[in-house]
Amino acid sequence: MNTAIIGGGIAGLTAAAYLARAGRAVTVFEKAHSIGGRARTEVKQGFAFNLGPHALYRNGAGVKILNELGVAFSGKINSTDGAFAIDEGAKHTMPGGLVSLLTTGLLHLPAKLEAAKLFASLPSLNPADYAQMTVREWLVQTVKQPKVQQLVQALFRVSTYANDPERQSAGEALRQFQMALSGSVYYLDHGWQTLVNGLRAVAEQAGAIFQTEASVTAIEPNEQGFVIHFSNGQSCSASSVIIAASPADAAALVKTSETLANWARTMIPVRAACLDAALTQLPQPHARFGLGIDQPYYFSVHSTIAQLAPSNGAMIHVAKFLPTQSNEAAPVIEQQLEGVLDLLQPGWRERVVAQRFLPRMTVTNGLVTTTPRPSTAVPGIEGLYVAGDWVGNEGQLVDASFASAKAAAELIAQPQHYQATATS
């Protein structure tokens, strides 16, 4: 019995590791020249460039699964030192505790009082109670002061990377924010490529095979399993398939599945514009983090936490969380992000070693709305599974990729056990 995994990102690598360790014959097909997907890291002149800002939640499914698989990584916890709120073109002390809340110029006294009461209550709220409310509905119902509404929405944005309060689930946004409060995040030394390399090593040591520049054009179910067709005209067979790709790619590969087509139509991609900058040193060492309040901006010097730059160097990520219907021109957004750098790190332009602008990067393939996310097993086609950041009911962002990949692998490796569990 052999399994084909389409896609060599975090989800595909995780599924391959679990299946190979369970004794399954596994081949991962990746259309690019290298594996890793959006977790790839490029090193330029000693600076590790992730594809935009990446963070690994300490209490999320990803850390648990990496530990379970024995994938080692090193990183440090994000710090709240040197944090600023950016509002109406000015920077203010970011309210991260009682003292900063009382002293910040971001809020006037009534807003400070409401914010203090709200933040004290957030950890004890039950996210399930708000699963069928949107973030906008929850904010209007819960928060009176407009600036506090903006602050909470900004905190939800940075913890979920999403900017669609009219459709985002308030319960799941709250759950993600609570996880950020309880455990913070890791910034990883040497970038996320370390996870890619570690997962691949575990999978290969257990017998998994990786084929890059293998572009799959179609997957045809038949009585024996599946026939997989490639762009070079070749084909192969598999008894089961995991598609670890976007919903649109999954639907395009299995044209006979109306379920996949429907998932592709209904999924809402989450995107961000990212400016990554490597500097010889920080002009303003005290300014390490910035969060837009009236605008959906993000700024963080990841190299002050993790090993991502040469000695004295700085690796900075600036982002704008894009609304779903964004039609702003890329040059305009790039100027906006450079303006954030001008505000928090004046003089940065003279110290640039390398920079990269990603105008419309996909952060996650499916916004978490009030509608349940797709299941790992594709209904109507036995042996076909999907995995990724848009699949399953556990976690968001990369945690969803890890969790859905593990779930798909377990369904394939031990189908009798999971069928019995489902019916008991």
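I take two strands as paired if DSSP finds at least two bridges between them. The model I examined is predicted.

**Entry 1: the seven-stranded sheet.** I looked first at strand 7 (residues 83-87), which is joined to strand 8 by 4 bridges, the two running antiparallel. Within this pair I located Ile-86, which stands opposite Lys-91 of strand 8. I then traced the whole sheet: 7 strands, open, in the order 8-7-16-17-18-15-19, with mixed pairing. At its edges I noted strand 8 (90-93) and strand 19 (352-364), each pairing on one side only. From one strand to the next I recorded an average twist of 20°.

**Entry 2: helices on that sheet.** I asked which strands helix 6 (residues 146-160) touches. Helix 6 packs on the sheet through contacts with strand 7, strand 16 (289-292), strand 17 (297-301) and strand 18 (314-321). The direction of helix 6 makes about 120° with that of strand 16. I next followed helix 11 (residues 330-344), which also packs on the sheet and touches strands 7, 8, 15 (270-279), 16, 17, 18 and 19. For helix 11 I noted an angle of about 130° to the direction of strand 18.

**Entry 3: the three-stranded sheet.** I turned to an open sheet of 3 strands, ordered 11-12-13 and paired antiparallel. Strand 11 (216-222) and strand 13 (235-238) each have a single partner strand, so one side of each lacks a neighbour in the sheet. Neighbouring strands here are turned by 20° against each other on average, direction ignored. I found 4 bridges between strand 12 (residues 225-230) and strand 13, in the antiparallel sense. His-229 has Ser-235, in strand 13, as its bridge partner.

Definitions and conventions
Residues numbered from 1 in each chain as written. Predicted model: local features only at pLDDT ≥ 70, side-chain atom pairs only at ≥ 80, totals over all residues. Heavy atoms only, no water. Axes fitted to C-alpha atoms, helices over the stretch in contact; angles between N-to-C directions. Contact = heavy atoms within 4.5 Å.
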